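The exercises below are meant to be worked with the coordinates open, and each task is followed by a solution that proceeds step by step.

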Amino acid sequence: MSAHGIPDDPQFATESEREVWTRLKADGASDWTLLANVRLTDAKKDHELDVIVLMPDVGIVVVEVKGGDLRMEEGEWVVGHGKGRRVVHPVDQGRDGKYALRAYIERDPRWRASSRTRVRFGHAIAAPYTDLADDFATPDCPRWMISGRRDQPDLAGRLHDIASRQESGHRVPTHDDCDLIVEILKGRNLPQRTLLAEADERESRADRLTIEQATILGVTRLIHRVDVRGGAGSGKTVLALTQAKELTHGRHGQPAQRVALLCYSVGLASWFKRYMDTVDRRHRPAFVGTFEDLAAYLGVSEFGGRDDTDFWENRLPAQMAERAGDLPDGKRFDAVVVDEGQDFADGWWTPIMRCQRDELDGGVYVYSDENQRVFARFGRPPVPLVPLVLDHNLRNTRQITETFLPLAPMRMYARGGEGPEVTYVEASADDALDAADDQIDPLLEDGWRPEDVALLTTGDRHPEQVSLQESEGQLGYWRTFWDKDCVFYGHVLGCKGLERKVVVLCVNESTPRERARERLYVGLSRATDKLVVVGPRDVILEMGGPAVARRLGIS
């Protein structure tokens, strides 16, 4: 006997929520479905439903979980003691969440179209750390609605009884009712305006550091030379940014440091700089930019052409290393934080290390994803680093994550929530650009904003990108990435570390180019919420292999 959970292994804010989830999943009937951390918004307020239990032929119960020492004092529910004492409203939360859920489901056009009548809903309180007397009761909560510490072994049975007793005037939900409710709550096939709101919620959730990331930051308080490895969407860039800020300000009693935050791409560096302009000066690193920007910081003023590999990988690093030797102490760094570390050439690390105050013991924090190595560079820092791994995808919906997962460098767990299905549009290499352009207007008509949408190519650049780069220059072109009135046109090579809610990925090449697999991986993972892939099926099959092709519906 085991209930089905959505998601399989959710993240919880408290251990009490996880304990209740684990028990219900283990003890619930095989046809039960559990949904965790469901958020709904109505005209009154935002509702967060800890656990929803769907029981075919029985009922639906919203479970409000409260940890700590929950008790009644002078007619109020409270937790904690002394200065930590606070009033809580578990019954109101459970009841309001139940009504919000019922209204949300009954408003859905799929529920109305099938002429379904109201089904049985109930609410319950689970307090796994609270001892309750058998005769405990309050005006708003009979004893059988709340499960304390001693009731936990029979929690599944108690919820079954609640569904049977609380609203007997309504019909029990069928298996088909429960399946439709799951589809409604997962967000499939809803209008894009609803999905846009859900996309904003997913983005807000992903911006918060997870337990896994917080652990990484905690470990690096003691280990100051680390290589943090993770696949696309695992939060490496946000973590690198957070670490640079913490080191700069000084964390947990440690002194403030002069920090350099480095990355490869101009686009990502421009985002770093824009973000740092919004934070308190005490958190701003001493240097933020690309390797080329670091060269300018060291006084280099003349640069070779973009195609001059020898200049960028040999002559420039040598020149920078020489200048770094003369760098005054006040311009040196105590620590360097490098995002996109897989794209740094071997020779680049020498001037980077020489910019440190203590080359032997200075902080080195590298964030990398080997499968995003789209350039034939295989540089590594000349010092030993402790490897740490991020294997949770936080940024992309499950549908998008599962599409690029066969290309990821390691097994990853989808934590980004549900979203629209990935769409594939077949087109020849010659027609791919036009076919990709044709996808833009329907996306905007569906409710996505121009600022949400990017069209990225894997082959030749889009004419709009070429025109902007020629007229505005590289920096001016990247400023358009934040233009709220325009769709962004770019190339996968320049967009690592960046993302859009919606990406139209245009595979506009008849023969896969060098490191095509890595380019496809980057392109597929830039969309957080909606992904449209356009291009020739044989090329995509060759680039991504049969596993990716199957996920796109390419036979």
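## Exercise 1: the surroundings of N508

N508 is buried, since its relative accessible area is 10%, and buried here means under 20%. The model is a predicted one.

Task: work out where N508 is placed, and which residues N508 is in contact with once its neighbours within four places in sequence are left aside.

Solution. Begin with the position along the chain: N508 belongs to the loop that runs between strand 21 and helix 17 (516-524). Next, list the residues in contact with N508, leaving aside those within four places in sequence, which gives A429, A432, L433, T457, T458, G459 and D460. Finally, look for a polar partner, and the side chain of N508 is found to reach the backbone nitrogen of T458 at 3.4 Å.

## Exercise 2: the cover over helix 17

Task: determine how many of the nine residues of helix 17 are buried, and which elements are included in their cover.

Solution. Go through the helix residue by residue, and the buried ones prove to be A516, E518, R519, L520, Y521, V522, G523 and L524. Because eight of the nine residues are buried, helix 17 is largely enclosed by the rest of the structure. Then ask what lies over these buried residues: the cover includes helix 13 (398-404), strand 20 (488-491), strand 21, strand 22 (527-535) and helix 18 (537-551).

## Exercise 3: the enclosed space

Task: find how many cavities of 30 Å³ or more the whole structure holds, and describe the lining of the largest cavity by residue and by class.

Solution. The search over the whole structure returns one cavity of 30 Å³ or more, and the space in the largest cavity comes to about 40 Å³. Its lining consists of A454, L456, F481, F488, C495, L498, E499, R500, V503 and R526. Assigning these residues to elements shows that strand 19 (453-457) and strand 21 (500-506) are the ones that give two or more residues to the lining. Sorting by class then yields seven nonpolar residues, three charged and no polar ones.

## Exercise 4: the chain as a whole

Task: state what share of the 555 residues of the protein chain counts as buried, and what area the chain exposes.

Solution. Count the elements to begin with, which gives 18 helices and 22 strands. Of the 555 residues, 55% count as buried, while the chain exposes about 24000 Å², of which carbon and sulfur atoms supply 48%. As a last step, take the contacts with a separation of 6 or more, and residues 24 or more positions apart account for 71% of them.

Terms used. Residues numbered from 1 in each chain as written. Predicted model: local features only at pLDDT ≥ 70, side-chain atom pairs only at ≥ 80, totals over all residues. Heavy atoms only, no water. 1 Å grid on protein atoms, 1.4 Å probe; cavity = no way out; pocket = protein on both sides within 12 Å on 5 of 7 lines; lining within 4 Å. Points joined across faces, edges and corners; volume = space filled by probe spheres on them. Nonpolar A, V, L, I, M, F, W, Y, C, P; charged D, E, K, R; others polar. Buried < 20%, exposed > 50% of the residue type's maximum accessible area, 1.4 Å probe, protein only. Polar contact = N/O pair within 3.5 Å; in protein donor to acceptor, adjacent residues only side chain to side chain. Contact = heavy atoms within 4.5 Å. Areas by Shrake-Rupley, 256 points an atom, 1.4 Å probe, with all protein chains shown as cover.
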